[in-house]
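Colleague: Thanks for making time today. Could you put the model up so that we can go through it together?

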Amino acid sequence: MTVWQIIILASIAVLALKLVGYLVPPALLQKPTPSRIADLLTVALLAALIAVQTLGSGQALTVDARIPAVIVAAGLFAIKTPFIVVVLVAALVAAGLRALT
Amino acid sequence: MTSAPLAEPATHPEAEAHQQRLAIREGVAVGLATAAYGVSFGALSVAAGLEIWQTSFISIVMFSGGSQFALIGVLAAGGVAAGPAAIASAALLGVRNGIYGVRTAPIIGPGVWKRLAASWITIDESTAVALAQPTPRSRRVGFWVTGLAVFIGWNITTLIGALIGDAVGDTRAYGLDAAAAAAFVGLLWPRLKRMQAVAVAVAAAVVAATLTPLVMPGLPVLIAALVAVVVGLFNWLGGSTDASAASARSGLRL
């Protein structure tokens, strides 16, 4: 697979899913179980991505400057700091720690 | 934000015009706030190894923040070999948009082209603003204004971010890998209001981290998603929900 093929396939899949709600009978998706699973799916995937993005390095688990950066980020989100500010601060924390060590 | 759900009946033209102005103002504000973090997507996408035009293509066609960050996150970790897992991660994060469509379809009304355009911009932000409005017309205005404002802003700032990321070069030294993790924290944070969500998040993170050394890149995230399916199916730790409205609202990151 090339990068372009991956991008195009993923984009079409996400776009097609958006259409689903306009095409299928509402009764099918408005039941509590499908919408609850969709909701929790978002939570599980984001949490898993945080774990991999923070600890993973290829197929190994490593402890490095990303961990303090993510902890700082969580603290800032908890006090309702705007998204872009938190992302910048997280980058600065990791970059700073790497420059020092 | 309007507070009373049925403040004015639609028969008062002045009140209706007022509701529409409020919907427009809210939509534009949400569009501006969302655009601000399009910069981080653009920069992180280039850092993950994608070209500027590939990055813009994703923001135009896919146009769904969570799915976009997931795609580049998995590609950054596993490269092209993780392609299928990257596609699956992006798609699974896009499932909720399909559920939103059930709520927004009656707001949009009939018409194939109109619905096609509406589905393209059916995301957390447009759904949340639309459902928060008190009258049918202000809901429709809120949906279109928010969707278009986010679409335009997000794509401009994605391009800016990609150009910045391209100029920066060595991304690890600038902490961009940590910024990617922080971006996911920001997408997750507003969704952790209920015990069930917190439990699923913790379990999924543990599963993904544990599996990372054992299976190929991309798969740990997909296997962790099974936690959500199992917990959601049996509704462990759950109460009652109005899932799609609550989900759209909690997806807002303002």
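Colleague: Let's start in chain B. Is Thr122(B) buried or exposed?

Modeller: Happy to, and please keep in mind that this is a predicted model. The place of Thr122(B) is the loop between helix 5 (112-120) and helix 6 (124-132) of chain B. Its relative accessible area is 0%, and the cut-off for buried is under 20%. Thr122(B) is therefore buried.

Colleague: What does Thr122(B) contact, leaving aside its neighbours within four places in sequence?

Modeller: Close along the chain, a polar atom of the Thr122(B) side chain lies 2.7 Å from the backbone oxygen of Ala118(B). Leaving aside neighbours within four places in sequence, the contacts come from both chains. In chain A they are Lys18(A) and Tyr22(A), and in chain B they are Asn97(B), Tyr100(B), Gly101(B), Thr104(B), Thr127(B) and Phe143(B).

Colleague: That brings us to the interface. What area is buried between chain B and chain A?

Modeller: The size of an interface is often given as the accessible area lost when the parts come together. Here 94 residues of chain B are in contact with 64 residues of chain A. Carbon and sulfur atoms give 78% of the buried area, which is about 7000 Å².

Colleague: Which helix of chain B gives the most to the side that touches chain A?

Modeller: Across this interface there are eleven residue pairs in polar contact, both residues being at pLDDT 80 or more. On the side of chain B that touches chain A, one helix gives the most, with 20 residues. By class, that side has 66 nonpolar, 21 polar and seven charged residues. The helix you asked for is helix 4 (residues 83-108) of chain B.

Colleague: Now for the charged pairs. How many salt bridges are there between chain B and chain A?

Modeller: Side chains of opposite charge can pair when their charged atoms come close. Over all chains, the structure holds six salt bridges. Between chain B and chain A the count is two.

Colleague: Which residue of chain B forms a salt bridge with Arg98(A)?

Modeller: The closest N and O atoms of this pair are 2.8 Å apart. The pair crosses between chains, from helix 5 of chain A to helix 8 (residues 176-188) of chain B. Both partners are buried. The partner in chain B is Asp177(B).

Colleague: Arg98(A) also meets Asp64(A) in a salt bridge. How many residues apart in sequence are the parts that this pair ties together?

Modeller: The N to O distance for Asp64(A) and Arg98(A) is 3.9 Å, and the cut-off for a salt bridge is 4 Å. Asp64(A) counts as partly exposed at 23% relative accessibility, whereas Arg98(A) counts as buried at 17%. Asp64(A) lies in the loop between strand 2 (60-61) and helix 4 (66-78) of chain A and Arg98(A) in helix 5 (residues 83-100), so the parts tied together are 34 residues apart in sequence.

Colleague: Which residues are linked with Asp124(B) and Arg191(B) in a network of salt bridges?

Modeller: The side chains of Asp124(B) and Arg191(B) meet in a salt bridge at 3.3 Å, N to O. Asp124(B) lies in helix 6 and Arg191(B) in the loop between helix 8 and helix 9 (195-211) of chain B, so the pair ties together parts 67 residues apart in sequence. Asp124(B) is buried, with a relative accessible area of 3%, and Arg191(B) is buried too, at 7%. The residues linked with them in the network are Asp39(A) and Arg96(B).

Colleague: What distance separates the C-alpha atoms of Leu252(B) and Ala33(B)?

Modeller: Leu252(B) is in the segment after helix 11 (243-251) of chain B. Not counting residues up to four places away in sequence, Leu252(B) touches Val30(B), Glu125(B), Ala128(B) and Pro190(B). Leu252(B) and Ala33(B) are 219 residues apart along the chain, and their C-alpha atoms are separated by 9.8 Å.

Colleague: One last point, on the UniProt record. How far apart are the end C-alpha atoms of residues 67-97 of chain A?

Modeller: The unreviewed UniProt entry places "transmembrane region" at residues 6-25, 37-55 and 67-97 of chain A. Residues 6-25 are 90% helix, with end C-alpha atoms 30 Å apart. Residues 67-97 are 87% helix and 0% strand, and their end C-alpha atoms lie apart by 11 Å.

Technical notes:
Residues are numbered from 1 along each chain as its sequence is written. Chains are lettered from A and ligands numbered from 1 in the order in which they are written. This is a predicted model: local features need pLDDT of at least 70, side-chain atom pairs count only at pLDDT 80 or more; totals for chains, interfaces and linings use all residues. Side-chain values use heavy atoms; hydrogens and water are left out. Helices (H or I, at least four residues) and strands (E, at least two) are DSSP runs, numbered from the N terminus. Buried means under 20% relative accessible area, exposed over 50%, partly exposed in between (1.4 Å probe, protein chains only). A polar contact is a pair of N or O atoms within 3.5 Å; within protein, one must be able to donate a hydrogen and the other to accept it, and residues adjacent in sequence count only if both atoms are side-chain atoms. Contact means heavy atoms within 4.5 Å. Buried area is the accessible area (1.4 Å probe) that two parts lose on being put together, summed over both. Ala, Val, Leu, Ile, Met, Phe, Trp, Tyr, Cys and Pro count as nonpolar, Asp, Glu, Lys and Arg as charged, and the others, Gly among them, as polar. UniProt positions are given in the numbering used here, feature names are shortened, and annotations may be inferred rather than shown by experiment.
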